[in-house]
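Let's take a walk through a protein fold together, one step at a time. Keep the picture at hand and follow along as we go.

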Amino acid sequence: MTGGGVPDAERLDRAFLARVIEPGDELGGRWLRELGAREVVRSLSGGGRPLPEASEKRWAGLCARAGRADPEGDLALAREAGGRFLVPGDAEWPGQLDDLGDGRPIGLWVRGRANARMWALRSVAVVGARACTEYGAHMAAVLGAGLAERGWVVVSGGAYGVDGAAHRGVLGVGGATVAVLACGVDRPYPRGHVQLINRIAEQGLVVGELPPGEHPTPSRFILRNRVIAALTRGTVVVEAAYRSGALTTARAAQRLGRFTMGVPGPATSALSAGVHELLRGDAVLVSDAAEVVELVGDMGELAPDRQGPVLPRDLLEPGARQVLAALPGRGSAAAAEVARGAGTTEDDAVGRLYELRSLGYVERHGDGWKLTRQAMISVLSDRRRS
């Protein structure tokens, strides 16, 4: 036995089934739950009558795969690549994956020294478009670095664009990141990210459902996204067009009851259209790591209050601000006129005006008072904003 009390025979059977049954196959998952791995392997190996609800055509295809399965060889290849095969019941098995029900992975192939279960407990997914803009790459990298600096694990898919930028942002600050692949963990894809994914395996974790040597397909990418969503407390989509695969991760997160977040972009950008559609629904708008952590983190992990710059006039007493606001934008006004505008007595207005003069806001012209040039620009600007 290895990995927390799971019998070696169970691990071997699940390695066999990982080669035969495609990721996310809920019928296969139901067979596993109802019959157990040993019985499913026996049925497939014997090539007998199909298991419940399997058509003859589908059963024949599964049996043909079963005839080529070599679980001992797959486990040996994983070890050669510095990996291991986790199954439900292992101490390191991320319990969040069980939320996928019959669609949960049969097992998880893992490269890296970190504990997958512990890392998943405090993790956030950052996903988005492969053909992202410079803005998208910048935001993904900044989010990745910011989350890592706050002690969070960043999970993504290792792809070009937003995924790669998020991983690099984390690695750049020495943080923890996980790449979930749609292929064997011994054959990183895309090829242009081989060095990046190998670096993630050294500093973090590379995981996947498919056995060694398996290649990605469009459907496997889509099904991989449910694992990213299930592993994490929430998913942040940085850039995504209407038909982006990143949106499937967000929708999977919503179905699982995880937090779904989006980073807004230009309204004119097609790569922001999918994110904006999410934000029109149940997703939460976020602009930095602090806002992400406030949503997914523990009580008290609050983002700082957002406010504009503090200007000198903001430090004035309320009464002085009222008097300042009562002065005309052009020309001068008598103290009595200013007092009426500020809703106070003439004596109080005169006292405030002298206070404002000492601060450089107003000047006296005969019997009248007027704004200084600098104060005039400031007050007029305030009035335009309001």
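Let's begin with one small detail: Val124 has Val154, in strand S4, as its bridge partner. Please keep in mind that what you are looking at is a predicted model. The bridge belongs to a pairing of strand S3 (residues 123-127) with S4, which run in the parallel sense and share 3 bridges.

Now look at S4 by itself. In a regular strand the side chains point in turn to one face of the sheet and then to the other. Which residues of strand S4 (residues 153-156) lie on each side? Val153 and Val155 are on one side, while Val154 and Ser156 are on the other. All four are buried, and both faces of S4 are covered.

From here we can zoom out. S3 and S4 belong to an open sheet of 9 strands, and its order is S1-S2-S6-S5-S4-S3-S7-S8-S9. The pairing in this sheet is mixed. At the edges stand strand S1 (83-86) and strand S9 (284-285); each has a single partner strand, so one side of each has no neighbour in the sheet. You have already met a parallel pair, S3 with S4. For an antiparallel one, find strand S2 (residues 108-111) and strand S6 (residues 205-208), which are joined over 3 bridges. Within this part of the sheet, Val110 stands opposite Val207 in S6.

What packs on this sheet? Helix H10 (residues 218-231) does, touching S3, S4, S5 and strand S7 (234-237), and its direction makes about 150° with that of S5. Another helix, H9, lies across S2, S5 and S6 and runs at about 110° to S6.

Just before H9 there is a detail worth finding. The loop between strand S5 (177-181) and helix H9 (194-203) holds Pro190. The peptide bond that leads from Tyr189 to Pro190 is cis, with omega near 5°.

Next, turn to some helices from earlier in the chain. Helix H2 (residues 26-35) and helix H3 (residues 37-46) have axes that come within 7 Å and cross at roughly 120°. That angle makes H2 oblique to H3. Where they meet, H2 brings Trp31, Leu32 and Leu35, and H3 brings Ala37, Glu39 and Val40. Sorted by kind, the residues of this contact are 5 nonpolar, no polar and 1 charged.

Follow the chain onward and you come to the loop between H3 and H4, where Glu53 sits. Glu53 has a positive phi of about 70°, although it is not a glycine. Is Glu53 buried or exposed? Glu53 is exposed, because its relative accessible area is 64% and the cut-off for that label is over 50%.

Let's look at aromatic rings now. Such a pair is described by how far apart the ring centres are and by the angle of the planes. How many aromatic pairs does a search of the whole structure find? It finds 4. One of them joins Trp31 and Trp59 edge-to-face, at 5.8 Å centre to centre and with 80° between the planes. This pair links distant parts of the chain: Trp31 is in helix H2, and Trp59 is in helix H4 (residues 56-68), 28 residues apart. Trp31 counts as buried at 2% relative accessibility, and Trp59 is buried too, at 4%.

Another edge-to-face pair is made by Tyr354 and Trp369, 5.0 Å centre to centre and with 85° between the planes. Tyr354 is in helix H16 and Trp369 is in strand S12, 15 residues apart. The two partners carry these labels: Tyr354 is partly exposed at 34% relative accessibility, whereas Trp369 is buried at 2%.

Trp369 leads us to an open sheet of 3 strands, with the order S10-S12-S11 and antiparallel pairing. Strand S10 (333-334) and strand S11 (362-365) are at its edges, each with a single partner strand, so one side of each is left without a neighbour. S11 and strand S12 (residues 368-371) pair over 4 bridges, and Trp369 is the bridge partner of Arg364. Across S11 and S12 lies helix H16 (residues 346-358), running at about 115° to S11.

One last stop is Asp74, in helix H5 (residues 71-80). Asp74 is buried, with a relative accessible area of 5%. Beyond its neighbours within four places in sequence, Asp74 is in contact with Ala15, Arg19, Trp109, Pro211 and Pro212.

Notes. Residues numbered from 1 in each chain as written. Heavy atoms only, no water. Pairing = 2+ DSSP bridges. Helix = DSSP H or I, 4+ residues; strand = E, 2+ residues; numbered from the N terminus. Contact = heavy atoms within 4.5 Å. Axes fitted to C-alpha atoms, helices over the stretch in contact; angles between N-to-C directions. Parallel < 35°, antiparallel > 145°, perpendicular 65-115°, else oblique. Nonpolar A, V, L, I, M, F, W, Y, C, P; charged D, E, K, R; others polar. Phe/Tyr/Trp six-rings, centres within 6.5 Å; stacked < 30°, edge-to-face > 60°. Buried < 20%, exposed > 50% of the residue type's maximum accessible area, 1.4 Å probe, protein only.
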